[in-house]
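Take a look at the chain below. The report that follows starts with its contacts and ends with one of its helices.

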Amino acid sequence: MRYTAAHWGVYKIGDDGGLAPVETDTAPSRIGRGWQSAASHKGTRIASPVVRKGWLDGDKGAGRLDDSFVEVGWDEAISLAGQELDRVRTDFGNGSIFGGSYGWASAGRFHHAMGHMRRFLNLIGGSVSKVNTYSSGAAEVILPRITGFTNHHLIHEMTSWPLVAENCTLLVAFGGISAHTAQVDPGGSSRHEISDWLAQMANGKTKLVSIAPREGDLPGAEWLSIRPGTDTAMMLALSHELLANNLHNEAFLARYTSGWSQYRSYLLGETDGQEKDAEWAAPICDMPADVIRALAKRLARERTMISVAWGLQRADHGEQPVWAGLALAAMLGQMAHPGAGFAFGYGSTAPIGRPVRDIPWPAVSQGPNPVTDFIPVARISDMLLNPGETYTYDGETRTYPDIRLIVWTGGNPFHHHQDLNRLNHAWTRPETIIVADHSWTATARRADIVLPATTPLERDDFMLNRSDETMFFMSRCQEPYGQALDDFQIFRRLARHFKVEEAFTLGRDTNGWLRAMWQDVCSLANDNGFELPEFDEFREKGRCGLPASIPPKTFLGKFMADPEGNPLATETGKITLFNQTIADMKLEDCPGHPVWKMPIETLIHADEDEYHLISGQPATRLHSQNDMGVEAQASKINGREPCDIHPDTAKAHGIKEGDLVRIHNRRGACLAGVRFDAGLRPDCISLATGAWFDPQMIDGQPLDVHGNPNTLTLDKGCSGLSQGTAAHTTLVRIERWSDPVPDLTVNRPPRINPLIN
């Protein structure tokens, strides 16, 4: 049997080349239904290497946003890319090259686009890199300070679902638990079970409470409709109610936390004159004070799990809901009890809450980067627009580099980044941009040298996931499109140009790498007491099972069992409710303990015709992957991304379901098709991310005609601590679109002049 895998599932390859989810996946992802059609979409696959005409003419990026391309052969494309890399590193140094590609790329262990790119760049002197993610950038900086662990580590250490289902009697989910993001796993997944766990809990002894602006963010739960961006205020009020009614656990706070006295003073208003009680929070959160008080009593009475979604920290002051949620759970004092305490990210990706093997499966080594400079990932426009300017990050004052050349592969910043019109402008600043990709994304269309890459369906690899019971050999199920090459082969050719091919390949071809990596896997398995088949047997059978007994995890389990013997790697060895190191940074937007800060854009101070934009993840694709596939396309309305609005909101604007609307603010505008959702707050509009960016000039103004919400989102660091994205702090206006509907351009290739021999 042959198999293949993606971030959204594992599939059997039929005799006809079609895909079917494996039998262990009883709730397969919607995303997979559009995978093959997206990968074979002739209008958007890159068939051959091309070079932008204006770049060949020497415009140095000025015409990058709207230009034609010239088809070239692989040898010429590699030569041009190599010459340009060499020119820039010679004239300006490797610190002027940005190799911080960001994106999900492939679920395979070998064909990881960014891994091959960085391995190559590091062999020729390195490049400026990126740190953190758009998904959880604020948490990735605050969590090591307050728990001693990185978010990457905590993903695999979160309390396991079986313990929650067995022991928890009240799960309170700030931001809900999304079924959309629960479809995906960076390492691939052979099952989707979060909905099953939630259903089991709802039908058992666990009461589910969702505190979110949309009822559907946790189906079947009791819904407390909160004003977006105010979760921290509600957490503080709940904490105050616990304190005021002596429902908090002083013994737990003394043994497991530090800084309680400072945080207590803030809750009581001793430091700023404002008690953080329910009456204070009610008008901020648009939540009755009696509801807040009643919930606080329930938290103390039940075996409670406080769950915080990743989406809450993708906002202005994004560190605060993570910190305040952890502090609320600490005050309850239940973290040492199985199935209770604190969770960050349930549903945000599939593996959170699964038991995991503590085995570091191998990946392709990138080698050391001789360039130590980096930027927080969400500050790319700031870097390109403001070389030489300073910014703060995690206690440091850093300087933006002067980037002359960008190499990007395996991702699409014109999906992930905010304020895309600003990024459009910033993208013209570098002298050269080299992109390797399989499809004509907005990033590829804005490149100077474009190198066609294969998709995972067009190559062999294998899937290893520490939280999955099965390993799968990923067999090629279709031929490479046009002249597309694997990323390994692309960067092998570039390495040859620089005479570092042997160091890049270690003398191995793709098959040699797969065999060597599998041998490392087998050695690790032997070290952990089990055996795996030889490589040829694994390839032939397509899968192999692993020992199924993985003990469940408990959040900070070793510390909870013995805090003195297993101190945390924080400044005090405990959970820090007040953190002196952060306080000493003297950041106005992120002081030394959890606080309420008014967002820069908020419904609290909005005009009557302004709405909060919710830009969550879609059900039909992973970010922008598969947007041209049949599943995503079937969800469109008149070819545009659907937006959800409350029927009363639509009525106020004379809008009917199925209409097109123009959503706009001072940063930009986009079109979207209307769906009604009576379970959405009337002061909100929901427009999922990932529609391919299609900006056009309509009546002299830029308009994304496809429906990408990042045309509208705010591009600023959420604080001077993490500089994470603040995408979920965005206000917009809406109006019915009655003008002619513009044609899309994203579903066809750019203008390409054919190769002339």
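## Contacts along the chain

Start with contacts between residues with a separation of 6 or more. Residues 24 or more positions apart account for 75% of them. Keep in mind that this is a predicted model.

## Overall build

The chain holds 26 helices and 32 strands. Its radius of gyration is 26 Å, and the globule rule gives 27 Å for 757 residues, so the chain is as compact as a globular protein of that length. Along the principal axes, the C-alpha trace spans about 80 × 65 × 50 Å.

Burial is common here: 64% of the 757 residues count as buried. The exposed area of the chain is about 26,600 Å². Carbon and sulfur atoms supply 49% of that area.

## Charges

The chain carries 72 positive and 92 negative charges. How far apart are the mean positions of the two sets? They are 1 Å apart.

## Aromatic rings

A search of the whole structure turns up 27 aromatic pairs. One of them joins phenylalanine 252 and tyrosine 256. A pair of aromatic rings is described by the distance of the centres and the angle of the planes. For phenylalanine 252 and tyrosine 256, the centres are 4.4 Å apart and the planes are 20 degrees apart. The pair counts as stacked, because its planes are under 30 degrees apart.

Both residues sit in helix H10, which covers residues 250–256. They are 4 residues apart, about one turn of the helix. In an α-helix, residues three or four places apart point the same way, because there are 3.6 residues a turn. Is phenylalanine 252 buried or exposed? Phenylalanine 252 is buried, and tyrosine 256 is buried too.

Elsewhere, ring pairs build a cluster. Its members are Phe98, Trp408, Phe414, Trp427 and Phe693.

## Helix H4

Helix H4 runs over residues 113–123. Of its 11 residues, 10 are buried, so the helix is largely enclosed by the rest of the structure. The buried residues include Met114, Met117, Phe120 and Leu121. His116, Arg118, Arg119 and Asn122 are also among them.

What covers these buried residues? Several helices take part, including H3 (74–92), H19 (487–497), H20 (501–505) and H21 (510–527). Strands contribute as well, among them S7 (129–131) and S17 (405–409).

After H4 comes glycine 125. Its phi is positive, near 115 degrees.

Key: Residues numbered from 1 in each chain as written. Predicted model: local features only at pLDDT ≥ 70, side-chain atom pairs only at ≥ 80, totals over all residues. Heavy atoms only, no water. Helix = DSSP H or I, 4+ residues; strand = E, 2+ residues; numbered from the N terminus. Rg over C-alpha atoms; globule rule 2.2 N^0.38 Å. Buried < 20%, exposed > 50% of the residue type's maximum accessible area, 1.4 Å probe, protein only. Contact = heavy atoms within 4.5 Å. Areas by Shrake-Rupley, 256 points an atom, 1.4 Å probe, with all protein chains shown as cover. Lys, Arg positive; Asp, Glu negative; His and termini not counted. Charge placed at Lys NZ, Arg CZ, Asp CG, Glu CD. Phe/Tyr/Trp six-rings, centres within 6.5 Å; stacked < 30°, edge-to-face > 60°.
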